[in-house]
Each structure stands twice: as C-alpha cells, then as structure tokens.
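Work through the following exercises with the sequence and the structure side by side. Try each task yourself before you read its solution.

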Amino acid sequence: MSGARAAGAVLAVAAVAAALWGIGLDGVNVALAAAATAVAAAVVGHRDLGRDHALPQLPGERRGGHRHEVSQLSWSLTDRDGRIGERGLRQLREVAAGRLALAGIDPADDDAVRAHLGERAWRTLRATTPQPVRALDACLTALETRSPRD
C-alpha cells in the first residue's frame, strides 16, 4: 500500500474509532470496528483499479512460419461439438483456391480438384455441413503435399 493510501487508512480507522467512542460504545466494540475498518482499507488499497490485466503477447517477429496464425485462428474454426463449422470451411476453401491456382487447377472444376487432391479432400471442400477436424486435417495435408509451395 502506498504512503497516501496508508495515511488514508489510518485516518479512516481513527475517524471510525472516534465516532463510535463518541456515541458511547464499549471499548471492545470500538476496537472490533476499527479492526474491520483497517481490513477494509487494506483490501481497497490493494485493488488494482484502472490497470490492464492482459496477458503478455509474444512478439510476432520471433515466431517463424505460419503456425502462430493457425494457433490464433484454430479456436474460431470449431463449433460447440468440436466440428469445423461454415466459417472454417469457408476459410479452408479460400486457402485451397490459392493452392490449387498455384498448381494450375481451376478450383471450380470438380473433376480436376478431385483428381488432384483425392476424394476425401474434395468432399471436405464441397461440404455444406459441419465436418470433423480430421477431415480438415486430411484436406490440408492433401493441399500441402500435392500442391506446389509458394
């Protein structure tokens, strides 16, 4: 507790004790009220009002690769059931479109996409309902291993 807070606490205890003594309470009751005031002042004096309690962030320039982006976004990909929802599938389709374009494949050409990535990855890309995380993983693996790196 800072000096100003400590002085304020002492003044509050003295004021409570004087007021209760002045109205005629017993010494034991005055002492208990003074002790309670001191405890309340200590608790209020140690609160961190107006301070930011955010967790420290790791600087982005020290983290290599794209894994930090995955960790930052992964929580938003799944729904309550732990399945990849519409937002996650939409992001997967955007990534796949870029990777397929690098490989010279039109993302809208179902036959070419199916031939390049395989049946399972193609079904995941075209899914309209939430998919298990392992389907997303299989699709990302197919995109990574069968498409050229940028």
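**Exercise 1. Find how many salt bridges the chain has, and describe the one that R90 forms.**

Step 1. A salt bridge is counted when a side-chain nitrogen of Lys or Arg lies within 4 Å of a carboxyl oxygen of Asp or Glu, and by this rule the count comes to 5 salt bridges. The model is a predicted one, in which local features need pLDDT of at least 70 and side-chain atom pairs count only at pLDDT 80 or more, while totals for chains, interfaces and linings use all residues. Residues are numbered from 1 along each chain as its sequence is written, and side-chain values use heavy atoms, with hydrogens and water left out.

Step 2. R90 forms a salt bridge with E86, and the closest N and O atoms of the pair are 4.0 Å apart. Both residues lie in helix 4, 4 residues apart, which is about one turn of the helix; helices (H or I, at least four residues) and strands (E, at least two) are DSSP runs, numbered from the N terminus.

Step 3. To judge accessibility, call a residue buried under 20% relative accessible area, exposed over 50%, and partly exposed in between, using a 1.4 Å probe and protein chains only. R90, at 42% relative accessibility, therefore counts as partly exposed, and E86, at 43%, counts as partly exposed.

**Exercise 2. Set out where the partners lie in the salt bridges R126 to D110 and R114 to D111.**

Step 1. The side chains of R126 and D110 meet at 2.8 Å, N to O. Because R126 lies in helix 6 and D110 in helix 5, this pair ties together parts that are 16 residues apart in sequence. R126 is partly exposed at 32% relative accessibility, and D110 is partly exposed at 30%.

Step 2. In the salt bridge between R114 and D111, the closest N and O atoms are 3.7 Å apart, and both residues lie in helix 5, 3 residues apart, about one turn of the helix. R114 counts as partly exposed at 29% relative accessibility, whereas D111 is exposed, with a relative accessible area of 57%.

Step 3. Finally, look for shared partners: E86, R90 and R93 are joined into one network by salt bridges that share partners.

**Exercise 3. Determine how helix 4 and helix 6 cross, and which residues make the contact.**

Step 1. The axes are lines fitted to C-alpha atoms, for helices over the stretch in contact, and angles run from 0 to 180 degrees between N-to-C directions. The axes of helix 4 and helix 6 come within 9 Å and cross at roughly 125°.

Step 2. Angles under 35 degrees count as roughly parallel, over 145 as roughly antiparallel, 65 to 115 as roughly perpendicular and the rest as oblique, so helix 4 is oblique to helix 6.

Step 3. Contact means heavy atoms within 4.5 Å, and here it is made by L89, L92, R93 and A96 of helix 4 together with T124, L125 and R126 of helix 6.

**Exercise 4. Describe the largest nonpolar core and the helices that supply it.**

Step 1. A nonpolar core is a set of buried Ala, Val, Leu, Ile, Met, Phe, Trp, Tyr and Cys residues joined through side-chain atoms within 4.5 Å. The largest one has 17 residues, and those with the most contacts inside it are L92, L100, V113, L117, L125, C139 and L143.

Step 2. At least two residues of this core come from each of helix 4 (86-102), helix 5 (110-117), helix 6 (119-126) and helix 7 (133-146). A second, separate core has 5 residues, including L20, V30, A33 and A34.

**Exercise 5. Locate I84 and say whether it is buried or exposed.**

Step 1. I84 belongs to strand 1 (residues 83-84), and it is buried, with a relative accessible area of 2%.

Step 2. Leaving aside residues up to four places away in sequence, I84 touches L77, T78, L89, P130, Q131, P132, V133 and L136. The C-alpha atoms of I84 and A135 are separated by 8.8 Å, although these residues are 51 residues apart along the chain.

**Exercise 6. State where confidence is lowest and where it is highest in the chain.**

Step 1. The predictor's confidence in each residue is given by pLDDT, from 0 to 100. The chain averages 81, and 75% of the residues score at least 70.

Step 2. Confidence is lowest in helix 3 (residues 67-77), at a mean of 61, and highest in helix 6, at 93.
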